[in-house]
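Hi,

Could you take a look at the structure below when you have a moment? My notes on it follow.

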Amino acid sequence: MGISRDSRHKHYKTGGRSNVSIKKRKYEMGRPATLCKMGAKRVRTVRCRGGNKKYRALRLDTGNYAWGSENVTKKVRILDVVYNASSNELVRTKTLLKNTIIQIDAQPFKQWYQKKFGQDLGKKKKGEKKEEKKEEVAEEKLSRHVIFKQKARAARQKLDPALEEQFQSGRLLACIASRPGQCGRCDGYILEGEELTFYKRKLEKKKKDELGSVVDVGLKQKSE
């Protein structure tokens, strides 16, 4: 039996079965899930009803990600899958699906921010003095007009502390907005504000649960 998307085979809410008077139809056909994984780009074309095409992404490692508050989009590397509301199995197998929370490379956005505001987001407080000297050397190459323009922009700029903390680690939390199995792309947006807080809380809870289960297993082994 193939995968069918009809509802004739379903039971009524009361538990009864409907009389099936017609066979399966081509327009009710379904296909197996793609379950796109992380890896070197591998996309297949599927011919659909009406001569239309779908693009099945089997492996992807890059995508276009938008930084909404700054109105900028960059092509970045996908580094890891960290959370999926459906199942932890999808996180373990690093499956890329719509609305999956992933970690992306922060470098393209760092470079853009440096160019626009003249500020290095990856700068850590311990090594400030050394990096200040490097900045001075870099600033000498810029014209006064550009330097003043950057300072004017930086004066009006407010960056979320939670986001700034992520920039220091070099990894940003992002959400996949496209459907890799349908359009062959893995695009999305960087998490910010309340959404970022929500998913950070989820990830912390997940870590605690994992630690708790490891401790429980250890105690059981000792008692045995």
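Let me start with a hairpin. S2 and S3 form it with 5 residues between them, and Gly50 in the turn has a positive phi of about 85°. Helices (H or I, at least four residues) and strands (E, at least two) are DSSP runs, numbered from the N terminus.

Before more detail, some housekeeping. This is a predicted model, where local features need pLDDT of at least 70, side-chain atom pairs count only at pLDDT 80 or more, and totals for chains, interfaces and linings use all residues. Residues are numbered from 1 along each chain as its sequence is written, and side-chain values use heavy atoms, with hydrogens and water left out.

Back to the hairpin: strands S2 (residues 42-47) and S3 (residues 53-60) run antiparallel and are joined by 6 bridges. One pair to look for is Arg44 with its bridge partner in S3, Arg56. Both strands belong to an open sheet of 4 strands, ordered S2-S3-S1-S6 with mixed pairing (two strands pair if DSSP finds at least two bridges between them). S2 and strand S6 (95-96) stand at the edges with a single partner strand each, so one side of each has no neighbour in the sheet. S1 and S6 run antiparallel, joined by 2 bridges, and Lys37 has Thr95 in S6 as its bridge partner.

Two residues beside these strands have an unusual backbone. Most residues other than glycine have a negative phi. Leu35, not a glycine, has a positive phi of about 55°; Leu35 lies in the segment before S1 and is partly exposed, with a relative accessible area of 38%. Lys94 also has a positive phi, of about 55°, and lies in the loop between helix H1 (88-92) and S6. Lys94 counts as partly exposed at 34% relative accessibility. For these labels, buried means under 20% relative accessible area, exposed over 50%, and partly exposed in between (1.4 Å probe, protein chains only).

As for the whole chain, there are 7 helices and 9 strands, and 32% of the 224 residues are buried.

Next, the helices. H2 (residues 107-117) and H4 (residues 144-156) pack at an angle of about 110° with their axes 7 Å apart (axes are lines fitted to C-alpha atoms, for helices over the stretch in contact, and angles run from 0 to 180 degrees between N-to-C directions). That makes H2 roughly perpendicular to H4, a label for angles of 65 to 115 degrees. Gln114, Lys115, Lys116 and Phe117 in H2 meet Gln150, Arg153 and Ala154 in H4, where contact means heavy atoms within 4.5 Å. Among the buried residues of H2 are Trp112, Tyr113 and Phe117. After H2 comes Gly118, with a positive phi near 70°.

Is Gln103 buried or exposed? Gln103 sits in strand S7 (residues 101-105) and counts as buried, at 19% relative accessibility. Its side chain makes a polar contact with the side chain of Arg171 (2.7 Å); a polar contact is a pair of N or O atoms within 3.5 Å, and within protein one must be able to donate a hydrogen and the other to accept it, while residues adjacent in sequence count only if both atoms are side-chain atoms. Leaving aside neighbours within four places in sequence, Gln103 is in contact with residues including Arg77, Asp80 and Leu172.

Cheers

Note on methods. Angles under 35 degrees count as roughly parallel, over 145 as roughly antiparallel, 65 to 115 as roughly perpendicular and the rest as oblique.
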